[in-house]
Amino acid sequence: MNQKPISEEELFKELDYYQSMDCKYSDGKILGSMCTEPHSVAKKAFFKFFESNLGDPGLFKGTKLIEDKTLNLIGSILSIDNPAGHIVTGGTEANLMAMRAAKNMARSEKGISNGEIIVPKSAHFSFKKASDMLDLKLIEADLDENFCIDIDSVSDSINENTVAIVGIAGTTELGMIDNIPKLSDIALSEDIHLHVDAAFGGFIIPFLKDSSFNFPSFDFSNLGVRSMTIDPHKMALAPIPAGAILFRDDSYLDAMSVDSPYLTVKHQSTIVGTRVGATSPATYAVMRYMGIEGYQNLAKDAMDKTMFLAEGVRNLGYDLVVEPKLNIVAFNHPDFEAEKLANLLEEYGWRVSCSSCPKAIRIIVMNHLKKNHIVNFLKDLEKLI
Ligand code: 0PR
């Protein structure tokens with residue numbers, strides 16, 4: 001470290017240098033990210049509250065009230081009044097909390113000490129972390145021909161140690177939506193915690209409901225659903241790190257609560273102690289500013305662009321892995337490996353990612369991707385064949 005202070009000018013010159021190496025959403029070249037440029041009102045609200053620490057909420061009572069109000073707003077799109085939960089750093093932390101609650105509940109109510117969780121093969125890798133950190137055996141259920149969780153495989157995997165079943169509403173790789181009503185029936189009849197990971201889909205599925213998209217219900221309206229993950233920093237235009245974990249009632253938070261004797265609150269259920277306060281006002285601000293109509297327009301726009309891209313890719317002779325359900329397009333070319341294609345596209349500046357199951361180029365049509373970017377992308381894609 002430098003002995004003497006350096007000037008602000010010199011310092012920011014250095015930071016500018018490093019920032020210039022970063023990709024920018026606004027360039028329209030980031031095609032494999034579930035995050036996007038946050039809305040300006042979200043940024044403004046974030047910086048207004050950036051000192052706030054929700055780890056000690058008695059000191060930041062206003063921020064805490066906003067966290068509760070934000071959870072209620074999110075609850076209103078997921079068919080639940082007054083959910084329990086927290087604004088957290090993202091889908092990983094939310095999934096960890098859900099699995100921790102399920103584990104602790106099963107231990108105290110059923111005496112299960114060597115728990116197992118059943119997740120689809122399409123589950124995000126955060127469940128591998130949860131399995132490792134919480135010492136829960138991870139059972140991967142098969143997928144059906146539509147890349148959704150195979151219900152029979154779930155039934156076959158249940159045993160006396162099962163503490164949770166996980167369904168995904170908007171899979172990371174392909175954007176598929178598992179059959180939550182069926183999983184809910186199983187969870188109710190077996191008395192097992194059902195967690196829905198709607199980290200990606202949670203802020204788009206509810207807003208497509210009234211258009212031509214006919215999705216089965218994926219939220220708390222299914223009585224077996226006990227918790228849900230939903231990420232404002234993905235489709236809601238909130239800044240990173242904004243995730244949310246919602247529980248059906250307080251008992252799940254109580255099951256994770258530890259004493260925090262010298263804080264302004266005497267119990268804490270979150271994984272992190274000192275925790276960012278600013279994402280609650282940022283999420284609250286953008287949700288209020290957009291309203292249901294704003295998100296409906298965003299969702300419709302994303303799906304229009306998705307269909308335009310899917311059609312364009314198909315017309316060039318590429319094979320779609322599956323018809324897009326949400327705003328993800330995955331495709332292959334008969335003569336090229338996906339990774340090879342990704343590398344060639346990178347030479348044109350496009351930052352795509354590859355799915356693993358099946359291997360394919362995967363494009364997430366986020367808000368920063370405009371129609372003209374897609375047109376240019378298709379032109380470059382044409383040059384490769
Ligand atoms: N659940 C689902 C269904 C997800 O898709 C993701 C992340 C998570 C949980 C975990 O969320 P956090 O990453 O917020 O903890 N999905 C993306 C992925 O892993 C996240 C992402 C975002 C990756 C932007 C890259 C990127 O540039 O692919």
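## Close-up views of salt bridges, ligand site and backbone

**View A. Glu37 and Lys43 pair through their side chains in a salt bridge, with N to O at 4.0 Å.** A salt bridge here is a side-chain nitrogen of Lys or Arg within 4 Å of a carboxyl oxygen of Asp or Glu. The model is predicted, so local features are given at pLDDT of at least 70 and side-chain atom pairs at pLDDT 80 or more, while totals for chains, interfaces and linings take in all residues. Residues are numbered from 1 along each chain as its sequence is written, and side-chain values use heavy atoms, with hydrogens and water left out. Glu37 is partly exposed, at 37% relative accessibility, and Lys43 is likewise partly exposed, at 32%. The classes are buried (under 20% relative accessible area), exposed (over 50%) and partly exposed (in between), for a 1.4 Å probe and protein chains only. In total, the structure contains 13 salt bridges.

**View B. Asp231 and Lys234 form a salt bridge between buried residues.** The N to O distance in this pair is 2.4 Å. Asp231 is buried, as is Lys234. Asp231 also faces the ligand: an N or O atom of its side chain is 3.3 Å from a ligand oxygen.

**View C. Arg314 and Glu311 are joined by a salt bridge within helix α11.** Their closest N and O atoms are 3.3 Å apart. The two residues stand three positions apart in α11 (residues 279-315) and are therefore separated by about one helical turn. Helices (H or I, at least four residues) and strands (E, at least two) are DSSP runs, numbered from the N terminus. Arg314 is partly exposed, with a relative accessible area of 34%; Glu311 is partly exposed too, at 38%. Elsewhere, Lys64, Glu67, Asp68 and Arg275 are linked into one network by salt bridges that share partners.

**View D. The ligand occupies the largest pocket.** A pocket is an open set of points on a 1 Å grid over the protein atoms alone, where a 1.4 Å probe fits and protein lies on both sides within 12 Å along at least five of seven lines. A molecule sits in a pocket if more than half of its atoms lie within 2 Å of the pocket's grid points. The elements giving two or more residues to the shell around the ligand are α4 (91-110) and α9 (232-235). Of these, α4 gives the most, with three residues. The ligand has 17 residues around it, of which Thr92, His124, Thr172, Asp197 and His233 come nearest; a residue counts as near if one of its heavy atoms lies within 4 Å.

**View E. Polar side chains of Ser33, Asp197 and Asp231 approach the ligand.** A polar contact is a pair of N or O atoms within 3.5 Å; within protein, one atom must be able to donate a hydrogen and the other to accept it, and residues adjacent in sequence count only if both atoms are side-chain atoms. A side-chain N or O atom of Asp197 is 2.6 Å from a ligand nitrogen. A polar side-chain atom of Ser33 lies 3.3 Å from a ligand oxygen. The ligand taken alone exposes 590 Å², of which the protein buries 76%. Accessible areas come from the Shrake-Rupley method with a 1.4 Å probe.

**View F. The side chain of Asn53 meets backbone nitrogens of Gly55 and Arg275.** Asn53 belongs to the loop between α2 (40-48) and α3 (61-77). A polar atom of its side chain is 2.7 Å from the backbone nitrogen of Gly55. For the backbone nitrogen of Arg275, the corresponding distance is 2.9 Å. Arg275 is also a member of the salt-bridge network with Lys64, Glu67 and Asp68.

**View G. Two peptide bonds that precede proline are cis.** Omega is near 10° for the bond from Ile240 to Pro241, and Pro241 is in the loop between α9 and β7 (243-247). For the bond from Cys357 to Pro358, omega is near 0°. Pro358 lies in the loop between β12 (353-356) and β13 (359-364).

**View H. Asn82 and Asp135 have positive phi values.** Most residues other than glycine have a negative phi, and most peptide bonds are trans. Phi of Asn82 is near 45°; this residue is located in the loop between α3 and β1 (84-88) and is exposed, with a relative accessible area of 60%. Asp135, with phi of about 55°, lies in the loop between α5 (126-134) and β3 (137-141). Asp135 is exposed, at 64% relative accessible area.

Definitions and conventions
1 Å grid on protein atoms, 1.4 Å probe; cavity = no way out; pocket = protein on both sides within 12 Å on 5 of 7 lines; lining within 4 Å.
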